Amino acid sequence: MPLLILQLSETMSQETDNIYASPHQNLSDFRFDDQVAAVFPDMIKRSVPGYSHIIGCIGILAERYATNNSNIYDLGSSLGAATMSMRHRVTAPGVIMYAVDNSEAMLQRSADFLDTEDSPIPVKSICADIAELTIKNCSFAVLNFTLQFIPLDKRAETIQKIYDGMNPGGALILSEKLTMEDPALNNLLVDRHHDFKRANGYSDLEISQKRQAIERVLLPETAQAHIDRLTEAGFSTVSQWFQSFNFASFIAIK
Ligand code: GEK
């Protein structure tokens with residue numbers, strides 16, 4: 001295992017996700033509450049193909065784009081895996097990192113474990129809706145599987161705000177679950193994603209209950225919809241740099 005991923009797995013909680021292992025009579029919508037925060041590292045690694053790879057690459061990209069005395073934003077930071085990856089790689093002096101999430105449960109745990117790290121880069125944890133956040137003097141921003149939880153009608157203004165608060169030459173990493181325009185390809189990739197979850201130990205019951213709980217909360221869009229929105233906001237270079245099944249990541253450079 002690469003050193004960074006090894007460190008992240010060792011530092012974060014090792015609790016196994018079995019939230020949907022037994023039948024739920026009344027399935028409520030998925031929420032980032034304390035129960036989810038407690039098992040989050042296990043849940044995301046077993047559910048999102050390529051997650052650990054993307055986290056490692058976010059650190060490498062942040063190192064390239066961070067400029068002296070600028071701000072870096074991890075938007076929807078959960079337990080701070082991307083923040084930690086960036087903190088391990090960024091060398092530009094005077095950088096301040098902002099870990100932003102609207103789940104108190106996530107942010108509390110993330111602050112606890114980022115505090116245990118010895119680093120010259122300060123991290124400010126902010127409990128806020130990223131659609132309401134002020135972004136300024138930004139050299140690098142991360143939306144790693146977060147925009148998909150923002151209501152569709154708030155996504156354009158959220159991306160616009162990031163663009164407006166970014167310095168020229170800065171970059172945004174946007175990772176998302178996708179829906180494919182071609183229905184046959186979409187079914188193929190959705191099924192392979194479920195195979196990926198089965199291969200990681202989730203039962204058919206867990207997969208179907210999680211799917212039901214999350215379908216009104218996580219609203220995926222096509223790759224083209226993301227590319228169009230980033231381009232309309234003003235980013236001059238927009239490119240998809242990663243995909244595994246129906247999970248992808250984009251880079252947008254101002
Ligand atoms: C990682 N980026 O480990 N404002 C702020 N936070 C939000 C909002 C919002 N409006 N909506 C959702 N969130 C992380 C993984 S998880 C992805 C991101 C997943 C937060 C939510 O509380 C959760 O912590 C995160 O976005 C999404 O690299 O679970 O699939």
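This tour moves through a predicted model one selection at a time, beginning at the ligand and ending at two distances along the chain.

**Stop 1: the ligand and its shell**

Select the ligand and display the residues around it. The shell consists of 20 residues, and the closest are Tyr51, Gly76, Ser78, Asp101 and Asn144. Sorted by class, this shell holds 11 nonpolar, 7 polar and 2 charged residues. Two helices, H2 (34–47) and H3 (51–65), each contribute at least two residues to it.

Next, show the atoms of tyrosine 51. One of its polar side-chain atoms lies 2.6 Å from an oxygen atom of the ligand. Add serine 78, where an N or O atom of the side chain is 2.7 Å from an oxygen atom of the ligand. Then add asparagine 102; here a polar backbone atom is 3.2 Å from a nitrogen atom of the ligand. How much of the ligand's accessible area does the protein cover? On its own the ligand has 650 Å² of accessible area, and the protein covers 94% of that.

**Stop 2: serine 78**

Keep serine 78 selected and follow the chain on either side. This residue lies in the loop between S1 and helix H4 (81–89). With a relative accessibility of 12%, serine 78 counts as buried, because the limit for that class is under 20%. Its backbone deserves a look as well: serine 78 has a positive phi of about 50 degrees, although it is not a glycine. Most residues other than glycine have a negative phi.

**Stop 3: asparagine 69**

Select asparagine 69, in the loop between H3 and strand S1 (71–75). Phi is positive here too, near 60 degrees, in a residue that is not glycine. Is asparagine 69 buried or exposed? Its relative accessibility is 54%, and it therefore counts as exposed.

**Stop 4: helix H3**

Select residues 51–65, which form H3. The 15 residues of this helix should span 21 Å at 1.5 Å a residue, and the C-alpha atoms at its ends are indeed 21 Å apart. Colour the buried positions of H3: Tyr51, Ile54, Ile55, Gly56, Cys57, Ile58, Gly59, Leu61, Ala62 and Tyr65. Tyr51, in this list, is also among the residues closest to the ligand.

**Stop 5: the cysteines**

From H3, stay on cysteine 57, which is buried at a relative accessible area of 17%. Its sulfur is 19 Å from the closest cysteine sulfur, that of cysteine 138, and so too far away for a bond. Move to cysteine 127, which is partly exposed, with a relative accessible area of 37%. For the sulfur of cysteine 127 the closest cysteine sulfur also belongs to cysteine 138, at 20 Å, which is again too far for a bond. The structure holds 0 disulfides.

**Stop 6: helix H5**

Select residues 104–115, helix H5. Its 12 residues should span 16 Å at 1.5 Å a residue, and the distance between the end C-alpha atoms, 16 Å, agrees. Within H5 the buried residues are Ala105, Met106, Leu107, Ser110, Ala111, Phe113 and Leu114.

**Stop 7: serine 175 and its partners**

Select serine 175 in strand S5 (residues 166–177). Serine 175 counts as buried, at 0% relative accessibility. Which side chains make polar contacts with the side chain of serine 175? One belongs to asparagine 144, at 2.6 Å; another belongs to serine 249, at 2.9 Å. Asparagine 144 has already appeared on this tour, among the residues closest to the ligand.

**Stop 8: two distances along the chain**

Select glycine 201, in the loop between helix H7 (183–199) and helix H8 (204–214). At 51% relative accessibility, glycine 201 counts as exposed. Now add arginine 46: the two residues are 155 residues apart along the chain, and their C-alpha atoms are separated by 8.0 Å.

Finally, select arginine 198 in helix H7, a residue that counts as partly exposed at 39% relative accessibility. Draw a line from its C-alpha atom to that of phenylalanine 235. These residues are 37 residues apart along the chain, and the separation of their C-alpha atoms is 38 Å.

Terms used: Residues numbered from 1 in each chain as written. Predicted model: local features only at pLDDT ≥ 70, side-chain atom pairs only at ≥ 80, totals over all residues. Heavy atoms only, no water. Near = heavy atom within 4 Å. Polar contact = N/O pair within 3.5 Å; in protein donor to acceptor, adjacent residues only side chain to side chain. Areas by Shrake-Rupley, 256 points an atom, 1.4 Å probe, with all protein chains shown as cover. Helix = DSSP H or I, 4+ residues; strand = E, 2+ residues; numbered from the N terminus. Nonpolar A, V, L, I, M, F, W, Y, C, P; charged D, E, K, R; others polar. Expected span 1.5 Å × (residues − 1). Buried < 20%, exposed > 50% of the residue type's maximum accessible area, 1.4 Å probe, protein only. Disulfide = S-S within 2.5 Å.
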